[in-house]
Amino acid sequence: MRITCPHCGARDAQEFTYLGAADLKRPDGMAATEAAMTDYVYQRENPAGTHRELWYHGAGCHAWLVVTRDTRNHAIAAVEAAKSRKTGAAA
Ligand SMILES: [Zn+2]
């Protein structure tokens, strides 16, 4: 699999480290229930299809990227710098 880093161009996936789902939201600190924190820490989706993921370009520019990838065939639809994404603030 090759990932096109917005800073470095197309590179082998071995240069990157996968973190997980890009849209995972941490529950609100002390107000979160134990069940909500348990879900946040341990429960993960395993989608068959389009998935937004965080990848770290450790052997390149050291940037965090959001990669939109189809988990069925590894086709990458989009790559963007993580710092440029919306943070889910009030719309
Ligand atoms: Zn890069």
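T68 counts as buried, at 14% relative accessibility. That value comes from a predicted model, like everything I will say today. T68 sits in strand β5. Leave aside the neighbours within four places in sequence, and T68 is in contact with T50, H51, R52, A75, I76, A77 and A78. Keep two of those partners in mind, T50 and H51.

T50 next. Its place is in strand β4. Buried or exposed? T50 counts as exposed, at 60% relative accessibility, because the threshold for exposed is over 50%. Not counting residues up to four places away in sequence, T50 touches T68, R69 and D70. There is also a distance to note. The C-alpha atoms of T50 and N73 are separated by 9.9 Å, and these two residues are 23 apart along the chain.

Stay in strand β4 and go to E53. How accessible is E53? E53 is buried, with a relative accessible area of 0%. Now its side chain. The side chain of E53 makes a polar contact with the side chain of H51, at 3.1 Å. H51, remember, is also one of the contacts of T68. Beyond four places in sequence, E53 touches Y18, G20, A22, L65, V66, V67, R69 and T71. R69 appears among the contacts of T50 as well.

Now the metal. Which protein residues are donors of the zinc ion? They are C5, C8 and C61 through SG, and H57 through ND1. These donors lie 2.1 to 2.4 Å from the zinc ion. The site is tetrahedral, with angles of 104 to 117° among the four donor atoms. In sequence, the spacing of the donor residues reads C-x2-C-x48-H-x3-C. C8 lies in the loop between β1 and β2 (9-12), and H57 lies in the loop between β4 (50-56) and β5, so this pair ties together parts that are 49 residues apart in sequence.

How accessible are these donors? Take three of them. H57 counts as buried, at 0% relative accessibility. C5 is buried too, with a relative accessible area of 2%. C8 is partly exposed, with a relative accessible area of 25%. That 25% falls between the cut-offs of 20% and 50%, so C8 takes the middle label.

With cysteines in view, a quick check on disulfides. How many does a search of the whole structure find? Zero.

On to the nonpolar core. The largest one has eight residues. They are I3, C5, A13, F16, W55, A63, L65 and V67. Two elements give two or more residues to this core: β1 (2-5) and β5 (64-70). C5 is listed in this core, and C5 is also a zinc donor. L65 and V67 belong to the core, and E53 touches both L65 and V67.

Look at F16 in that core. What does F16 contact, leaving aside its neighbours within four places in sequence? The list is I3, C5, R11, W55, Y56, H57 and L65. Among them, I3, C5, W55 and L65 are core members. C5 and H57 are on the F16 list, and both are donors of the zinc ion.

Now two backbone oddities. Most residues other than glycine have a negative phi. H62 has a positive one, near 65°. Where is H62? H62 is in the loop between β4 and β5. H57 is in that loop too. H62 is partly exposed, with a relative accessible area of 48%.

The second case is H74. Phi of H74 is near 65°, again a positive value in a residue other than glycine. H74 is found in the loop between β5 and β6 (76-81). At 44% relative accessibility, H74 counts as partly exposed.

Last, the overall picture. The protein has one helix and six strands. What order do they follow along the sequence? The pattern is β-β-β-α-β-β-β. The C-alpha atoms fill a box of roughly 40 × 25 × 25 Å, taken along the principal axes. Of the 91 residues, 24% count as buried. Then contact range. Take contacts between residues at least 6 apart in sequence: 45% of them join residues at least 24 apart.

To recap the metal site: zinc has donors from C5, C8, H57 and C61, in a tetrahedral arrangement.

Technical notes:
Residues are numbered from 1 along each chain as its sequence is written. This is a predicted model: local features need pLDDT of at least 70, side-chain atom pairs count only at pLDDT 80 or more; totals for chains, interfaces and linings use all residues. Side-chain values use heavy atoms; hydrogens and water are left out. A disulfide is a pair of cysteine sulfur atoms within 2.5 Å. Buried means under 20% relative accessible area, exposed over 50%, partly exposed in between (1.4 Å probe, protein chains only). A nonpolar core is a set of buried Ala, Val, Leu, Ile, Met, Phe, Trp, Tyr and Cys residues joined through side-chain atoms within 4.5 Å. Helices (H or I, at least four residues) and strands (E, at least two) are DSSP runs, numbered from the N terminus. Contact means heavy atoms within 4.5 Å. Donors are N, O and S atoms within 2.8 Å of the metal (3.2 Å for Na, K and Ca); water is not among the atoms, so sites may look incomplete. Four donors count as tetrahedral if all angles lie between 85 and 135 degrees; four count as square planar and six as octahedral if opposite donors are over 155 degrees apart and all others between 65 and 115; anything else is irregular. A polar contact is a pair of N or O atoms within 3.5 Å; within protein, one must be able to donate a hydrogen and the other to accept it, and residues adjacent in sequence count only if both atoms are side-chain atoms.
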